[in-house]
Amino acid sequence: MNYLSVSDLSKSYGEFKLFQNVSFGLNRGQKVGLVAKNGAGKSTLFNILMEKEIQDEGIVSYRDGVRVSCLNQEPNFGEAKTIEEFIYCSENPMIKLLNQYEALLADGREESEEFAQLIDQIDEVNAWGVDVKINEILTNLKFTDKAKSLSNLSGGQARRLSLAKALIDEPEILYMDEPTNHLDFDMVEWLEKFISESKLTLLLITHDRYFLDNVCDEIIELTPTGVFTYKGDYEYYLNKKAEREHNDSVVANKAKNLFKTELEWLRRQPKARGTKSKSRIEAAYVLEKKSKSVKAKKELEISSVMTRMGRKILEIEYLTKSFGDIKILNDFTYFFKKGEKVGIIGKNGTGKSTFLNIITGKDSNYQGSVSTGSTIKFGYYNQKGLKFRSDMKVIDVVKDIAEVVQTKDGSKITASQMLTHFQFDPKKQHTYVELLSGGEKKRLYLVTVLMENPNFLILDEPTNDLDLATLTALENYLLEFNGCVVIVSHDRFFLDRICDHLFVFKGEGEVKDFPGNYTEYREYLKLNKDEKDKVLEKKKVVESKEQKEKSGLVKLTYKEKLEMDNLAKELDLLEQRKGELEERLSTGTLNGKEINELSIELGMVVEKIEEFTISWMELAEKE
């Protein structure tokens, strides 16, 4: 069933054409990712679809009666004062029925015919269960008090509450702009599962590549000249886009060579147009247009800039920090080594940003020692550092930092070249900052941090609002960077690709140094959970055995008792080996190959423990 049809949509601002010839549709239950460069018009397209802006040309057509909602970057609570008021002020038909029910009860009309008819309607659509769904969504997005005042919400909480409202309202079509910003890892994984299992029709803007891959069944790429549609997940899109760009390049190169031949023919002929073949001249113009249709793809990868780094980098000893009774860090000690890349993860409020402020000298109120090497130069990218004069041009903002910096291979890179590598073409470089989109301003801020030529980069949520091409460019830059990198991020793909190990902020001052990337850490947590479940099961079996022994119900043969004793001894040895492997894996001194080998052995040991435990339990049941 078709819910939305978009035909030949175009939008310009003065002489600047944002996009044109945009056509696509949404069918019931489709989950589509919208990807494009920053400034290409993704948010403008959403505004047009929501009738907040008017297109220059084209048609947007919805199926009659379709309810449409949009999760924007800026929350709007209307006149609601509490979480409950905001959630229950809804266009969801089932919530409307419950609101009518509450209103009739308040008026004392429970004996009326209208009340009886309303009860029948509620029963028919099973609206009584909507509160269960509301509680599920609010709980998973960390809202436990519905009476909480909206004025007391932080910016991140306000965004999460808007997300909860969008999911609870259950529109037929939902537009979502960066829904995973301000969510922790557990929330993101819950949201993935919730959306995947829902019947929502979804058009999604996100920089989270794992989210795109796990949720979307179609990708639409928005370009200035139209859209390209890919029927598959994000990985499929990447493969097919590479094929398309290669084919376009081949066609353009062939047209370019043929155009050169035709141009030579035109130049050899007499100047009077009447003596030349009119059709051949027209064909030459067509070839010229085709040869210029594919622009050379800008190479985003650059040799990273970096100031020289001495032997001493950053030494942290017995670092302790509290806010009243809340412990943030407790006797944390770590000596940074050259070239290491550390990811910092943990729930909101566990002290990640506080830790960054301490090591960069912005917070000096702590106990312990933080000693920085004399050659260390920090580059700190954080969400609060995004401040530019709106009357300045992009190129002047960067030149105020440095006009030229030296790369690690000895070459030099200018401010203009750095901007070009991060997708600011020459025309955009001379644009005023006030005309940039939000994502473009984030990208400009990133360039200014890199132009400071740091050798210790600290990146606090660097991936928020950056387009996918810029993320890839940043990742490639960091992979070549020889200095140290500390990253706080909720982008799982980014952490997996960049980080050697993780500082896991667990709360109550505890910080765990995990020797692996984010995906490996999640697998480690799952393995530990499974093992805890098995220990509890084994404990139950042992308690059952002891209970039966007390009641004198032992019925095992001598051979079975012997086998049971041998299994118990084997289990003790396996548990001992498992403990040794887990201890080695948590040392933080292993390389990737060693981690892989020990992880495989640990898996085999766990399987043996399970097999022997089952055999032991079967014997125990005979007692």
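**Figure 1. Salt bridges in the predicted model.** The structure holds 23 salt bridges, and the model in which they occur is predicted. Three of these pairs are shown in the views that follow.

**Figure 2. Close-up of the salt bridge between Asp491 and Arg209.** The closest N and O atoms of the two residues are 3.7 Å apart. Asp491 is located in the loop between strand E18 (484-488) and helix H17 (492-498), and Arg209 belongs to helix H8 (residues 209-215), so the pair ties together parts that are 282 residues apart in sequence. Asp491 and Arg209 are both buried.

**Figure 3. Close-up of the salt bridge between Asp363 and Lys321.** The two side chains meet at 3.1 Å, N to O. Because Asp363 sits in the loop between H11 and E13 while Lys321 is part of strand E10 (residues 314-323), the contact ties together parts that are 42 residues apart in sequence. Asp363 is buried, its relative accessible area being 17%. Lys321 is buried as well, with a value of 4%.

**Figure 4. Close-up of the salt bridge between Arg443 and Asp467, and a salt-bridge network.** In the pair formed by Arg443 and Asp467, the closest N and O atoms are 3.8 Å apart. Arg443 lies in helix H15 (residues 438-451), and Asp467 in the loop between strand E17 (456-460) and helix H16 (468-480). The pair links distant parts of the chain, 24 residues apart. Both Arg443 and Asp467 are buried. Elsewhere, Arg209, Glu475, Asp491 and Arg497 are joined into one network by salt bridges that share partners.

**Figure 5. Close-up of helix H11 (residues 352-359).** Of the 8 residues in this helix, 6 are buried, so H11 is largely enclosed by the rest of the structure. The buried residues are Lys352, Thr354, Phe355, Leu356, Ile358 and Ile359. Gly361, just after H11, has a positive phi of about 85°.

**Figure 6. Close-up of Thr375 and Gly310.** Thr375 is found in the loop between strand E13 (367-372) and strand E14 (378-381). Its relative accessibility is 19%, and Thr375 therefore counts as buried, the cut-off being under 20%. A polar atom of the Thr375 side chain lies 2.6 Å from the backbone nitrogen of Gly310.

**Figure 7. Close-up of Val504 in strand E19 (residues 501-507).** Val504 is buried, with a relative accessible area of 4%. Val504 and Lys347 are 157 residues apart in sequence, and their C-alpha atoms are 9.3 Å apart in space.

**Figure 8. Close-up of a negative surface patch.** Glu84, Glu85, Glu102 and Asp131 form the patch. Glu84 belongs to helix H2 (residues 83-88) and is partly exposed, with a relative accessible area of 40%.

Key: Residues are numbered from 1 along each chain as its sequence is written. This is a predicted model: local features need pLDDT of at least 70, side-chain atom pairs count only at pLDDT 80 or more; totals for chains, interfaces and linings use all residues. Side-chain values use heavy atoms; hydrogens and water are left out. Patches are made of residues with over 30% relative accessible area and no salt bridge: like charges are joined within 9 Å, nonpolar side chains (Val, Leu, Ile, Met, Phe, Trp, Tyr) within 5 Å. Accessible areas come from the Shrake-Rupley method with a 1.4 Å probe; for residues, only the protein chains shown count as cover. A salt bridge is a side-chain nitrogen of Lys or Arg within 4 Å of a carboxyl oxygen of Asp or Glu. Lys and Arg count as positive and Asp and Glu as negative; His and the chain ends are not counted. The place of a charge is taken as NZ of Lys, CZ of Arg, CG of Asp or CD of Glu. Helices (H or I, at least four residues) and strands (E, at least two) are DSSP runs, numbered from the N terminus. Buried means under 20% relative accessible area, exposed over 50%, partly exposed in between (1.4 Å probe, protein chains only). A polar contact is a pair of N or O atoms within 3.5 Å; within protein, one must be able to donate a hydrogen and the other to accept it, and residues adjacent in sequence count only if both atoms are side-chain atoms.
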